[in-house]
Each structure stands twice: as structure tokens, then as C-alpha cells.
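Here are my notes on the model, set out as numbered points. Please read them beside the sequence and the structure.

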Amino acid sequence: MAAPLPLPNLVPWDQGGLFLLADRGLERATGVCVAFAGRLGGASAGPYATLNLGGHVQDAVDAVQENRRRLLAALGAEGMPLVVPNQVHGTRIVAIDDASDIEDACAAAAEGADGLLVGVPDVAALLCFADCVPVVAVSPTGRFAVVHAGWRGAVAHIAYQAVRALALRDVQGAGRECAPSEDRLRDVAAAYNVYVGPCIHAECFACGPDVYDRFAEAFGDVAVPKPGHVDLPAAVVCDVERAGVDGARVCDAGACTACDTTGRWYSYRASGGVCGRHGAIAFARNEVGPYGN
């Protein structure tokens with residue numbers, strides 16, 4: 001049985017000229033790296049300055065590739081395979097259960113996905129953000145999931161689905177031979193660490209009545225703290241706790257991208273819709289394991 005994870009703790013980390021929020025203790029203890037990369041220290045210019053990691057925002061391709069290389073280098077993972085999905089504000093999660101799956105997973109992710117579930121070492125998962133909620137869930141087995149929860153994904157319970165998919169892999173393995181009970185899945189998920197990265201917060205996320213009502217119905221008052229505003233990170237935390245994650249194991253970065261005054265994060269709303277994307281990245285170094293039940 002895998003050893004318990006240390007409680008999650010995100011700390012600022014200036015590394016290789018980049019600004020990161022990372023759980024250094026988790027990596028030291030388990031070999032699993034979880035980091036949220038800010039917008040500083042990259043090669044991009046103009047509205048994408050400087051560490052734009054998104055390849056879909058009309059930034060120069062060479063700059064984006066260099067930014068991703070710098071991120072991997074700063075984390076000591078240069079040359080590691082990097083899977084970056086085409087995010088479509090849905091709930092599809094692509095799984096990588098074996099090293100031989102990487103090419104197929106890249107193709108599947110390129111078709112459209114908003115989550116990656118990785119069960120092999122030395123494969124990095126990167127998703128990109130500029131107000132939506134980055135979510136990373138880590139299992140004591142070494143498996144992890146990285147998820148993009150925009151408001152559509154959040155209200156469709158993508159965070160819950162990611163934790164549930166992770167628990168299913170942990171109980172069944174990649175073969176999925178059995179049908180574990182709800183209680184068994186919740187018990188497994190109780191040991192997970194979940195990280196909620198920088199994103200837009202309730203005070204800045206004004207919305208129409210349709211969106212407001214959908215969140216009120218799905219999550220209750222916790223997600224709608226005042227009329228016309230939705231609390232996306234609160235909805236995500238509610239979702240993962242419903243899936244069984246212990247609230248003490250949920251770590252929220254606490255940074256609102258839309259009213260950030262540090263210049264560390266991109267915001268789609270604050271920029272008027274033209275900006276780069278910061279990232280959530282995770283990988284497990286080869287020495288972590290075992291991957292299995």
C-alpha cells in the first residue's frame with residue numbers, strides 16, 4: 001500500500017527566471033511535481049508577454065515552444081514528453097496508462113479534452129488558463145490528473161469526474177476488471193491531494209441569471225455568494241469533496257487572476273479577451289511508484 005502523501009502546500013518559487021507556485025514538499029517526498037506557472041520569464045511579446053504557454057492565442061509558435069521548454073527546464077524535466085490538450089470547455093479526460101499510450105493520447109487530446117490522467121512516470125501534463133480554474137489531483141500511487149474547469153466544465157462536474165476516474169484507476173488498475181462500490185471509491189479518494197490554482201474569484205466573476213441559477217442548483221449557496229456572482233473555486237472544492245477528497249487535503253492558491261496586481265497571471269476578462277495563458281503542470285519522476293493498486 002502506498003505511503004500517505006504529505007499535506008498539500010503551495011509555495012512561491014522563483015526558478016530559472018520563472019515564477020511558480022509549487023508543492024516542493026510533495027516532490028521531495030514522492031517524486032510527483034505539481035506547479036502553477038505564472039506569466040514571467042518567457043520569450044513572448046505584446047499581449048502575450050512573456051511566458052505564454054497557450055498555442056491557440058495567435059502568439060508566435062516558436063515563442064510558445066521556447067516557453068514550454070523553459071518551463072520544463074526550470075522543473076528539471078527538459079526533454080520529458082509533454083502532453084498539452086486542445087481545451088474545449090468540456091468534460092473529456094484523456095488517460096495515459098502506459099508509456100506506449102503517449103502518441104495515441106497526444107492525438108486524442110488534440111481532438112479536444114479538458115483533462116489528462118497520467119499513470120506513468122516521466123510524462124508531463126500541461127493545461128493552460130487565463131481565469132478558468134486549474135485543478136490537479138494526486139494519488140499516493142503516483143497517478144495524477146490535471147483538469148481545466150471553466151464555468152461550463154465546473155458546472156458539469158469535471159473536477160468530480162477527474163477524482164472519480166483517478167480512484168477507479170487506483171482500485172481497478174488500467175484493466176478495469178471490477179466495479180468498486182461508491183464507498184470504496186470515496187475511501188480511496190480521501191487520501192488524495194487536490195490543488196486549486198490561480199483563477200477568477202467570485203468578486204470578479206459576474207454572470208447572467210442562467211449561469212448563476214445553474215451553479216446554485218448544482219452546488220448550493222457555497223457557489224453563489226451574492227446575486228449575479230459565481231464562486232468557481234468554491235464549486236470545484238465542493239465537487240472534489242463530494243467525490244471523497246478530505247477537505248484538509250485541498251490546497252487553494254487563493255489568487256484571483258482578474259484583479260491580480262502582481263503581474264504574475266493572465267486574465268481573459270481583465271485583458272479584454274486578448275492575452276496569453278499561464279499553466280498547470282504535473283509529472284512524476286521515474287523513481288516514484290509503484291503505479292498500481
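1. A word on terms comes before the details: a residue is called buried under 20% relative accessible area, exposed over 50%, and partly exposed in between (1.4 Å probe, protein chains only). This is a predicted model, in which local features need pLDDT of at least 70 and side-chain atom pairs count only at pLDDT 80 or more, while totals for chains, interfaces and linings use all residues. Residues are numbered from 1 along each chain as its sequence is written, and side-chain values use heavy atoms, with hydrogens and water left out.

2. On confidence, the mean pLDDT (the predictor's confidence in each residue, from 0 to 100) of the protein is 95, and 96% of its residues reach 70 or more. Over residues 288-293, however, the pLDDT is below 50, although this stretch has 20 contacts (heavy atoms within 4.5 Å) beyond near neighbours in sequence in the model.

3. On helix α2, arginine 70 is partly exposed, with a relative accessible area of 28%, and forms a salt bridge (a side-chain nitrogen of Lys or Arg within 4 Å of a carboxyl oxygen of Asp or Glu) with glutamate 66, the closest N and O atoms being 2.8 Å apart. Both residues lie in helix α2, 4 residues apart, about one turn of the helix; helices (H or I, at least four residues) and strands (E, at least two) are DSSP runs, numbered from the N terminus.

4. Glutamate 66, itself partly exposed at 24%, also meets the side chain of arginine 69 in a salt bridge of 2.9 Å, N to O. These two are separated by about one helical turn, because they are 3 residues apart in helix α2, and arginine 69 counts as partly exposed at 35% relative accessibility.

5. Another of the 8 salt bridges in the structure pairs the side chains of arginine 92 and glutamate 111 at 4.0 Å, N to O. This pair links distant parts of the chain, 19 residues apart, with arginine 92 in the loop between β4 (82-83) and β5 (93-96) and glutamate 111 in the loop between α3 (102-110) and β6 (115-118). Arginine 92 is partly exposed at 38%, whereas glutamate 111 is exposed at 63%.

6. Where is asparagine 52 found? Asparagine 52 is in the loop between β3 (32-37) and α2 (61-74), and counts as buried because its relative accessibility is 0%. Leaving aside neighbours within four places in sequence, asparagine 52 is in contact with several residues, including Ser44, Asp59, Tyr266 and Arg277.
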